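Hello,

Here is the structure we spoke about. Please look it over, then read the notes below.

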Amino acid sequence: MKLLEYEAKQILSQAGVPIPRSFLVESKKPAPFLPAVIKSQVPVGGRGKAGGVAIVTTPEEFAQAISRIQQLEIKGFLPRRLLGEEVVDIKHEYYLSLIIDKQAAAIVLMAHTDGGIEVEENQANDFLRVVLTAQTISTAGNKLAEYFDLPEQTFALQELAEQLYQCFIQNDALLLEINPLIYTGGDTLVAGDCKMECDDAAAFRHPEWDFEEKQAETNFVTLDEHGEVATIANGAGLAMATVDAVADAGMKPANFLDIGGGANEASVLAAFERIMEYPDIRVIIINIFAGITRCDEIAKAVIAARSRIPDLPPLYIRLAGTNFEQAAQLLSEQHIPTLATLEECIQNAKEAAA
Ligand code: GDP
Ligand code: MN
């Protein structure tokens with residue numbers, strides 16, 4: 001699962017990595033300090049280029065920035081949270097990441113002298129690449145200091161490399177990227193941004209994991225802002241097939257949504273709220289083949305959505321698999337019908353949207 005920037009930075013900070021002073025924005029409260037950088041907390045990169053990062057100096061600018069960024073969709077995501085951070089005086093932006101190199105069966109540190117928002121334009125062979133092991137970690141800082149040409153930061157970089165390595169291992173990370181690693185006007189190194197992804201398969205040994213992604217719809221993709229049919233499915237394959245079937249029937253699908261195996265009432269309800277942001281939705285098709293997902297959780301979300309969202313368009317629901325009976329019972333108590341096949345859902349949707 002992908003962590004939001006503020007979650008990843010909390011982990012970094014606990015490991016001793018320097019991060020900017022920060023606060024989570026609460027829209028009705030004034031900023032705890034100004035000037036500040038306001039940053040959209042969406043689980044994708046490229047926020048800077050998309051307008052999701054803004055420096056504000058006055059309370060008015062703060063208010064404007066938060067109302068703008070709250071509504072700014074970035075790569076299909078609207079933020080649920082905004083992070084405020086102290087403005088760092090940037091002398092230079094470096095790139096630093098730890099990844100798993102499957103071929104080398106090792107954790108590899110990658111670094112580039114030119115970090116920041118244009119990092120993907122760097123040539124792949126320009127990167128410093130260091131295979132990290134319990135042995136090589138002790139020299140990683142030296143290599144970084146030499147490569148960055150920051151000899152006076154050797155000690156800080158050595159500490160940083162060790163802290164990141166520990167963070168990576170202890171959190172079963174798949175990716176830990178700091179871009180930019182900021183070299184400040186005060187000659188210190190600060191993690192300006194952090195992207196972190198942890199291995200879902202390791203969740204069983206991390207009872208402390210309580211990241212927002214579990215509540216967020218991570219595989220939500222906008223296909224057409226003005227689509228007329230919204231879809232909710234589980235599993236990427238079924239979600240794709242559902243979208244295709246809608247399009248084959250001559251209707252315009254608005255989104256792709258795979259609610260994933262760990263979907264619960266809250267995450268599905270969040271998906272409904274997201275769907276309601278599309279202006280032209282006429283119907284919603286729900287196609288669930290439940291394995292790990294439980295039909296009764298979906299049913300509860302459907303019922304909650306119907307009571308909380310007055311303008312909810314007609315729902316055409318096909319459920320099968322785990323806890324189907326409980327779901328059917330819950331839905332029938334609320335007089336919400338289910339259909340046996342996706343074909344029937346599409347047929348009904350077509351008639352309703354006509
Ligand atoms: P991303 O675009 O999603 O990777 O978001 P980042 O957090 O990396 O921010 C993008 C860019 O905004 C950075 O590369 C910086 O150039 C700029 N930025 C972010 N925070 C600060 C700050 O505190 N001070 C200044 N001057 N620029 C900042
Ligand atoms: Mn960044």
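Which residue of β4 stands opposite K39? It is V53. Keep in mind that this is a predicted model.

**Overall**

The protein chain has 10 helices and 16 strands. Its C-alpha trace spans about 70 × 50 × 35 Å along the principal axes. Of its 354 residues, 50% count as buried. The exposed surface of the protein chain comes to about 16,800 Å². Carbon and sulfur atoms supply 52% of that surface. Take the contacts in the chain with a separation of 6 or more: residues 24 or more positions apart account for 68% of them.

**The four-stranded sheet**

K39 belongs to an open sheet of 4 strands, in the order β2-β5-β3-β4. The pairing is antiparallel. β2 (22-24) and β4 stand at the edges. Each of these two has a single partner strand, so one side of each is left without a neighbour in the sheet. From one strand to the next, the twist averages 25°.

Two helices go with this sheet. Helix α3 (residues 59-70) packs on the sheet and touches β2, β3, β4 and β5. The direction of α3 makes about 170° with that of β4. Helix α1 (residues 5-14) lies across β2, β3 and β5. Against β5, α1 runs at about 50°.

**Strand β3**

How many of the 5 residues of β3 are buried? The count is 5 of the 5, so strand β3 (residues 36-40) is largely enclosed by the rest of the structure. A36, I38 and S40 point one way from the strand. V37 and K39 point the other way. Note that K39 is among the buried residues.

β3 has pairing on two sides of the strand order: β5 and β4 flank it. With strand β4 (residues 53-56), β3 forms 4 antiparallel bridges. With strand β5 (residues 82-86), the antiparallel bridges number 5. I38 shows both pairings. It stands opposite A54 in β4, and its bridge partner in β5 is G84.

S40 also lies in β3. Its relative accessible area is 0%, so S40 is buried. Which residues does S40 contact, leaving aside its neighbours within four places in sequence? They are R47, G52, I69, I74, P79, R81 and L82.

**Helix α7**

Is helix α7 enclosed or open? Of its 11 residues, 8 are buried, so α7 (residues 265-275) is largely enclosed by the rest of the structure. The buried ones are S267, V268, L269, A270, A271, F272, R274 and I275. An arginine, R274, is therefore on that list because its relative accessible area is under 20%. What covers these residues includes five strands and a helix by name: β12 (219-222), β13 (229-233), β14 (255-258), β15 (283-290), β16 (315-321) and α8 (295-308).

**The manganese site**

Which residues coordinate the manganese ion (ligand 2)? N179 does so through O, and D193 through OD, at 2.2 Å. N179 lies in strand β9 (residues 173-184). D193 lies in the loop between β10 (189-191) and β11 (195-198). The pair therefore ties together parts that are 14 residues apart in sequence. N179 and D193 are both buried.

**Cysteines**

How many disulfides does a search of the whole structure find? It finds 0. Two cysteines show why. For C167, the closest cysteine sulfur is in C194, at 8.0 Å, which is too far for a bond. For C345, the closest cysteine sulfur is in C295, at 13 Å, again too far for a bond. A disulfide would need the two sulfur atoms within 2.5 Å. Both cysteines are covered: C167 counts as buried at 3% relative accessibility, and C345 counts as buried at 0%.

**To start from**

If you open one part first, try the sheet around β3, where I38 faces A54 in β4 and K39 faces V53. Then go to the manganese ion (ligand 2) with N179 and D193.

Best wishes

Conventions. Residues numbered from 1 in each chain as written. Chains lettered and ligands numbered in written order. Predicted model: local features only at pLDDT ≥ 70, side-chain atom pairs only at ≥ 80, totals over all residues. Heavy atoms only, no water. Donors = N, O, S within 2.8 Å, 3.2 Å for Na, K, Ca; no water. Buried < 20%, exposed > 50% of the residue type's maximum accessible area, 1.4 Å probe, protein only. Pairing = 2+ DSSP bridges. Contact = heavy atoms within 4.5 Å. Axes fitted to C-alpha atoms, helices over the stretch in contact; angles between N-to-C directions. Areas by Shrake-Rupley, 256 points an atom, 1.4 Å probe, with all protein chains shown as cover.
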